[in-house]
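Me: I would like a close look at one part of this model. Please start there, then work outward to the rest of the chain.
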Amino acid sequence: MVTTDMNHDLTKPFTRVEVDEALKSMCPDKSPGIDGMSAMFYQQHWDLVSKAVLGVLNEGADPTPLNRTIITLIPKIKKPQNMKDYRPISLCNVISKLITKVLVARFKVRDRIASRS
């Protein structure tokens with residue numbers, strides 16, 4: 001059950017600190033987004049990223065352009081022969097991943113607090 005206090009914490013405006021923590025938790029050189037940029041690029045251009053993320057989270061900016069993905073197959077073995085030798089991955093926009101991480105982090109904090117009660 002969501003209490004009034006829990007609802008207040010979940011619905012308060014998101015902060016730059018929350019976005020910064022989520023961005024820092026992303027591996028800088030892991031899989032790139034659909035634009036070919038990894039999290040490292042976004043970590044180095046923090047000011048623009050924070051404005052975009054907070055615009056979606058706090059101001060209701062349209063995230064539709066961020067929702068594009070490319071699904072690709074990555075070989076599981078050196079010389080793949082069959083479809084079972086591949087695994088699919090989705091290359092998502094890094095800002096979209098970041099928005100998701102911020103939301104999930106907020107829920108995790110609330111979940112930890114609720115479990116202590």
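Between which two helices is the loop where Pro28 is found?

Reply: Pro28 is found in the loop between helix H2, residues 16-24, and helix H3, residues 39-44. Keep in mind that this is a predicted model.

Start with exposure. Pro28 has a relative accessible area of 33%. The buried class ends at 20% and the exposed class begins over 50%, so Pro28 counts as partly exposed. Next, its partners. Setting aside neighbours within four places in sequence, Pro28 is in contact with Ser38, Ala39, Met40 and Gln43. H3 covers residues 39-44, so the partners Ala39, Met40 and Gln43 belong to that helix. One C-alpha distance adds to this. Pro28 and Tyr42 are 14 residues apart along the chain, and their C-alpha atoms are separated by 8.7 Å.

Now the chain around this loop. The chain has 5 helices and 2 strands. From the N terminus on, the order is α-α-α-α-β-β-α. Of its 117 residues, 25% count as buried. The accessible surface comes to about 8,300 Å², and carbon and sulfur atoms hold 58% of that area. Among contacts with a separation of 6 or more, 60% join residues 24 or more positions apart.

The two helices that flank the loop also feed the core. The largest nonpolar core has 18 residues. H2, H3, H4 and H5 each supply at least two residues of this core. Val53, Leu98, Ile99 and Val102 have the most contacts inside the core. Take Leu98. Outside the four places on either side in sequence, Leu98 touches Val19, Ala22, Leu23, Met26, Val49 and Val53. H2 spans residues 16-24, and Val19, Ala22 and Leu23 are among the partners of Leu98.

H4 comes next. It has 14 residues, which at 1.5 Å a residue should span 20 Å. The end C-alpha atoms of H4 are 19 Å apart, so the span agrees with expectation. Its buried residues are Val49, Ser50, Val53, Leu54, Gly55, Val56 and Leu57. Just after H4, Gly60 takes a positive phi of about 75 degrees.

Ser50 deserves a pause. It is found in H4, residues 46-59. Ser50 has 1% relative accessibility, so it counts as buried, the cut-off being 20%. Beyond four places in sequence, Ser50 is in contact with Arg16 and Val19. Ser50 and Val17 are 33 residues apart in sequence, with 9.4 Å between their C-alpha atoms.

A second serine, Ser96, is found in H5, residues 94-116. Ser96 has a relative accessible area of 18%; this is under 20%, so Ser96 is buried. With residues up to four places away not counted, Ser96 touches Leu66 and Asn67. The C-alpha atoms of Ser96 and Pro63 are separated by 7.9 Å, across 33 residues of chain.

Turn to the strands. Arg87 lies in E2, residues 86-92. It has a relative accessible area of 43%, between the 20% and 50% limits, so Arg87 is partly exposed. Arg87 is in contact with Thr72, Leu73, Ile74 and Lys76, leaving aside neighbours within four places in sequence. The C-alpha atoms of Arg87 and Leu73 are 5.5 Å apart, and the two residues are separated by 14 places along the chain.

Last, the rings. The count of aromatic pairs is 0. There is a charge over a ring, though: Arg106 lies over the face of Phe14, at 3.9 Å from the ring centre.

Back to the loop. Pro28 is found between H2 and H3. It is partly exposed. Its contacts include Ser38 and Ala39. H2 and H3 are among the helices that each supply at least two residues of the largest nonpolar core.

Conventions. Residues are numbered from 1 along each chain as its sequence is written. This is a predicted model: local features need pLDDT of at least 70, side-chain atom pairs count only at pLDDT 80 or more; totals for chains, interfaces and linings use all residues. Side-chain values use heavy atoms; hydrogens and water are left out. Helices (H or I, at least four residues) and strands (E, at least two) are DSSP runs, numbered from the N terminus. Buried means under 20% relative accessible area, exposed over 50%, partly exposed in between (1.4 Å probe, protein chains only). Contact means heavy atoms within 4.5 Å. Accessible areas come from the Shrake-Rupley method with a 1.4 Å probe; for residues, only the protein chains shown count as cover. Rings of Phe, Tyr and Trp (its six-membered ring) pair if their centres lie within 6.5 Å; planes under 30 degrees apart count as stacked, over 60 as edge-to-face and the rest as tilted. A charge sits over a ring if NZ of Lys or CZ of Arg is within 6 Å of the ring centre and within 35 degrees of the ring normal. The expected span of a helix is 1.5 Å times one less than its number of residues. A nonpolar core is a set of buried Ala, Val, Leu, Ile, Met, Phe, Trp, Tyr and Cys residues joined through side-chain atoms within 4.5 Å.
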